[in-house]
Amino acid sequence: MLLRLVLITEIFSVIICIHRIYGVKVKFDMKTVLLFLGLLIVLEIVNTCQVSRLFSLLVYFLIFLYCVLKFKKSLFETIINNVLYLVVMTLLQFACLVPAAVVLPQNEYGRGLLVNCAVLLICIFVLPSLGLCRFAGWIRKKEKLIYLLLSAIFMVVIFILMQAKIFHGVRIDSFLLLIPIIAVTLGLKKYWDKNYKGNTVPEKDEYQNINSENKYNELLIKIRMRQHEINNHITAVLSMHYTNKTYEELVRAQEEYLGKVAAENKYNKLLILEDSILTGFLYGKLTELEEEAEITYKIEVESFHTVIPAYYIIQMLGILFDNAVEAVKDKQDTISRIHFEIREVGTGYEYEVRNPFPYVPYNEIEEWFVLGQSTKSIERGVGLYHLKYLCEELKCDLICRNIMVEKDNWISFVLKVKK
């Protein structure tokens, strides 16, 4: 009889704890009654029949199935809440086990009943004030489940050790509880390591995204405004033969006029990228650099889809642009020009930023990527080092080389990323 009371109080504690985590009042409807009977039957079989302790794992499956059918949440949220209830129940049982062992050191069933009654009272009167449903939501938003699972593993291990000390043995179902928790921990860690960087942009850099979106919208507005002027430009070019007496004068006048039109619309090709944040950044950055150097660029892509988020591409290109403009400002004996290019090559894209620069031996180029090494000053020699770090983290390739362009030596940085 005492054993049945132990099982009943434990089942009630689990059911109430689960409802507290979901933030729902306990209602003993058909699903809840079936869960209660199912758990009671499984635990009764385990404790009274000669069956393997592995059979007790059916308890956790029934509870998981109940959560899926009862609360109808996503699989990910259901997993989080199930792990959370396991952690809460383990903590409560562990906290109540020590004083119960002092009060009833020899009576196992009496000690178990005392522990479960204490846990049940805590679930009824204390857990509602803890806001476990808000805590579960915080875990989902902040993606702290890994830490929660590691804590669960730690507490289960402590619980097992306490069992070994107090009861002179370990229950196999408590030990097997570690297996699903460890499996979920490893699986989610692998998933987040793969996808976290690709799906998350640090909150402190939201301003960069907003600013890039604004620049993108500015470019669109300018293009739409100039579309209304195209007929006037065509008329002006065709009418130049009335004001120029010779063919040579006509050609020069048309070239000069069309050059101005082309200059006004030089950044229209950036829209090929179909990424508003990256396009806005490039438009804003290139127009900003025009104050320091002559800017040329080329976009050679059919479609633009890369696995690396625009946030990180902006970081890396920003370093290359800043490095290039510093180079053309500091070197008075070179042409103040910067060329930018995006090429689609096989299974990836190449971003090239180059500028005129005296020939640099390749052993010196390697030193540019060492922390604190810079041709400008020690304090400013972190850009290329940080770029190298980002490339290693994101598995990108970076090539720096001397190339000849129109009989002048240029320094070229080529960033290679996968589609």
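On this tour, two residues are in contact, or touch, when heavy atoms of theirs lie within 4.5 Å. Keep that in mind, and remember that you are looking at a predicted model.

**Stop 1: a loop residue and the end of the chain**

Select Thr-347, which is in the loop between S2 and S3. Which residues does Thr-347 touch, leaving out those up to four places away in sequence? Light up Lys-418 and Lys-419, and you have them. Now compare sequence with space: Thr-347 and Lys-419 are 72 residues apart in sequence, yet 5.9 Å apart from C-alpha to C-alpha. Is Thr-347 buried or exposed? Its relative accessibility is 67%, so Thr-347 counts as exposed, since the cut-off for exposed is over 50%.

**Stop 2: the whole chain**

Zoom out and colour by secondary structure. The protein chain has 17 helices and 5 strands. It has 419 residues, and 42% of them count as buried. Switch on the surface if you like: the accessible surface comes to about 23900 Å², with 60% of it belonging to carbon and sulfur atoms. What you saw at Thr-347 and Lys-419 has a counterpart in the contacts of the chain. Among contacts with a separation of 6 or more, 69% are between residues 24 or more positions apart.

**Stop 3: the sheet**

Select the strands next. In what order do the 5 strands lie in the sheet? Reading across, you get S1-S2-S3-S5-S4, an open sheet with mixed pairing. S1 (294-300) and S4 stand at the edges with a single partner strand each, so one side of each has no neighbour in the sheet. On average, neighbouring strands are turned by 15 degrees against each other, direction ignored.

Walk through some of the pairs:

- S2 (residues 337-345) and S3 run antiparallel, joined by 7 bridges. Pick Glu-341 and you'll find Glu-352 of S3 opposite.
- S3 (residues 348-356) and S5 are antiparallel too, with 9 bridges. Here Tyr-349 stands opposite Val-417 in S5.
- S4 (residues 397-405) is joined to S5 by 9 bridges, again antiparallel. Leu-398 has Leu-415 of S5 as its bridge partner.

Before you leave S4 and S5, look at the turn of their hairpin. There are 2 residues between the strands, and Glu-406 takes a positive phi near 50 degrees.

Show the side chains as sticks for a moment. In a regular strand, side chains alternate between the two faces of the sheet.

**Stop 4: inside strand S5**

Select residues 408-418, which make up S5. Of its 11 residues, 8 are buried, so the strand is largely enclosed by the rest of the structure. One residue to click on here is Trp-410, found in this strand. How much relative accessible area does Trp-410 have? The value is 2%, so Trp-410 is buried, the cut-off being under 20%.

What surrounds this side of the strand? Leaving aside neighbours within four places in sequence, Trp-410 is in contact with residues including Arg-337, His-339, Arg-354, Phe-357, Arg-401 and Ile-403. You can also put a distance on Trp-410 and Ile-338: they are 72 residues apart in sequence and 9.7 Å apart in space, C-alpha to C-alpha.

**Stop 5: a helix across the sheet**

Add helix H14 (residues 276-289) to your view. H14 lies across S1, S2 and S3, and runs at about 160 degrees to S2.

**Stop 6: two helices side by side**

Move to helix H2 (residues 30-48) and helix H3 (residues 58-71). Their axes come within 10 Å and cross at roughly 175 degrees. That makes H2 roughly antiparallel to H3. To see the contact, show side chains including Leu-35, Leu-39 and Val-42 on H2 and Leu-62, Ile-63 and Tyr-66 on H3. By class, the contact has 10 nonpolar, 2 polar and 2 charged residues.

**Last stop: Asn-116**

Finish by selecting Asn-116 in helix H5 (residues 108-125). Is Asn-116 buried or exposed? With a relative accessible area of 5%, Asn-116 is buried. Not counting residues up to four places away in sequence, Asn-116 touches Val-6, Thr-9, Glu-10, Ser-13 and Gln-93. Show those residues as sticks and rotate the view.

How values were computed. Residues numbered from 1 in each chain as written. Predicted model: local features only at pLDDT ≥ 70, side-chain atom pairs only at ≥ 80, totals over all residues. Heavy atoms only, no water. Buried < 20%, exposed > 50% of the residue type's maximum accessible area, 1.4 Å probe, protein only. Helix = DSSP H or I, 4+ residues; strand = E, 2+ residues; numbered from the N terminus. Pairing = 2+ DSSP bridges. Axes fitted to C-alpha atoms, helices over the stretch in contact; angles between N-to-C directions. Areas by Shrake-Rupley, 256 points an atom, 1.4 Å probe, with all protein chains shown as cover. Parallel < 35°, antiparallel > 145°, perpendicular 65-115°, else oblique. Nonpolar A, V, L, I, M, F, W, Y, C, P; charged D, E, K, R; others polar.
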